[in-house]
Amino acid sequence: MNDLDLNTLLGAEDDEGRARRRPRGSSKRGGRRRRRRRNRGGFIAPLLAFVVLAGIIGGGGYYGYLWLSDALVPDDYTGQGSGEVVVEIKDGQSASEVAQELERQGVVASAKAFINAIGNANKSGSLQPGSYKLRKRMAAAQAVSMLGPENRLLARVTIKEGLRLSDTLNTLAKATGKPVKEFTAAAKDVGDLDLPPYAKKNLEGYAFPATYEFQPKTTPTQMLAAMVKRFNQTAETMDLAGGAKALGYTPHQIMTIASIVQAEAGRAEDMPKIARVIYNRLELKPPMNLKMDSTVMYALGKYRTYATHAELETPSRYNTYKYAGLPPGPISNPGDHAIEAALNPAKGPWLFFVATDPNGGGVTEFATTEAERQALLAKCTRNGGCGG
């Protein structure tokens, strides 16, 4: 059968678009059946093509989803991790920079995981500078929870009022684990401590007693500078310079008086009276030697409330029995109560004071005459003090 015959049987159109004449004897019913078969074939082919295309798109979409999920969900560890890592957050570091450091040290699996975790916890802006003890291979969310301020590694140290500088340095060394020689060197090299000009480049008296918290990497110089800064704040609040000028003294002299008050007083309520005794002795005509045992003990590096006759012969300028006026500088680091007492002494004629009950609460009694003083000394001796 040639092409023409086939076209004729299928009812194809000729070149001019006219339907060719069917052979005689062909029935209309048979033509309809052929058209139905042809129509079914025309519908199934596009359907099959659509199904195949949908499968291709669907398969590609699934693997695309897996790829996208892998890209959007960063690597992360599970659990609390193990080992120990100390991570330092520096002042001004962003959460992104911290995340990179955590990934570098193997704390988290990826910086992106940490960024997501800290964002979910709404803590991106709450990271505080300091050192933190973490673990390796931690879940990012767990790492975020351990970077709170309550978990910072800090050396907490309390410097008591009235400690001499040497004792202050020993206390700092013990609390921080750093060699005391480093603190001693820092105390001598005062150029970076921001001491006030009137301190005469001597840290004694200006390492303000308080409770401090230091990070592991804080240097001895930085610690002492923090203590001087605290003193400067207190001096400004109390108007040390203005108060000293009103009393006719320099700020350094006021701090020297405050240090003696701190060393001699057993109770804060006695401090203003002790300060008044010092001023009364200094302002007598002629002046009276201060005769403070505390200054002699400082000169000798000893700790007692009284000095022996032999000790009173020390040639040190801190021997206020031998030399008139104030010693060269403070003999301790006074607290705010002692400084306040030196700036605002009580009113009274007293020239003497004696700790009459040295073992029972530090009670101090005051006298104006030598006879009253002798009576107080006898009382002190009966109570086991004053060398008795």
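Start by selecting P286, which sits in the loop between α11 and α12. Since you have a predicted model open, this proline is a good place to check the backbone: the peptide bond leading from K285 into P286 is cis, and its omega is near -5°.

**The helix before the loop: α11**

Now select residues 271-282, which form helix α11, together with residues 336-343, which form helix α13. Two packed helices are described by the angle between their axes and the distance between the axes. Here the axes are 8 Å apart and the angle is about 45°. The two helices are therefore oblique to each other, and their crossing is right-handed.

Which residues of α11 and α13 make the contact? On the α11 side, show M271, P272, A275 and Y279; on the α13 side, show H337, A338, A341 and A342. Colour this set by class and you will find 7 nonpolar residues, 1 polar residue and no charged ones.

**The helix after the loop: α12**

Next, pick helix α12, residues 293-300, and add helix α10, residues 251-264. Their axes come within 9 Å of one another and cross at roughly 95°. Because angles of 65 to 115 degrees count as roughly perpendicular, α10 is roughly perpendicular to α12.

To see where these helices touch, display I260, A263 and E264 from α10 with D293, S294 and T295 from α12. By class, this contact has 2 nonpolar, 2 polar and 2 charged residues.

**Two loops with positive phi**

Move on to R137, in the loop between β2 (130-136) and α5 (140-145). Its phi is near 55°, a positive value in a residue that is not glycine. Is R137 buried or exposed? Turn on the surface: R137 has 51% relative accessibility, so it counts as exposed, the cut-off being over 50%.

Then jump to K201, in the loop between α7 (180-188) and β4 (211-214). K201 is not a glycine either, yet its phi is positive at about 60°. This lysine is exposed too, with a relative accessible area of 72%.

**Zoom out**

Finally, select the whole chain and colour by secondary structure: there are 14 helices and 6 strands. Of its 388 residues, 36% count as buried. The accessible surface comes to about 22400 Å², and carbon and sulfur atoms hold 52% of that area. If you draw a contact map, look at the pairs with a separation of 6 or more: residues 24 or more positions apart account for 62% of those contacts.

Conventions:
Residues are numbered from 1 along each chain as its sequence is written. This is a predicted model: local features need pLDDT of at least 70, side-chain atom pairs count only at pLDDT 80 or more; totals for chains, interfaces and linings use all residues. Side-chain values use heavy atoms; hydrogens and water are left out. Axes are lines fitted to C-alpha atoms, for helices over the stretch in contact, and angles run from 0 to 180 degrees between N-to-C directions. Helices (H or I, at least four residues) and strands (E, at least two) are DSSP runs, numbered from the N terminus. Angles under 35 degrees count as roughly parallel, over 145 as roughly antiparallel, 65 to 115 as roughly perpendicular and the rest as oblique. Contact means heavy atoms within 4.5 Å. Ala, Val, Leu, Ile, Met, Phe, Trp, Tyr, Cys and Pro count as nonpolar, Asp, Glu, Lys and Arg as charged, and the others, Gly among them, as polar. Buried means under 20% relative accessible area, exposed over 50%, partly exposed in between (1.4 Å probe, protein chains only). Accessible areas come from the Shrake-Rupley method with a 1.4 Å probe; for residues, only the protein chains shown count as cover. A crossing is left-handed if the near helix is turned anticlockwise from the far one by less than a right angle, and right-handed if clockwise.
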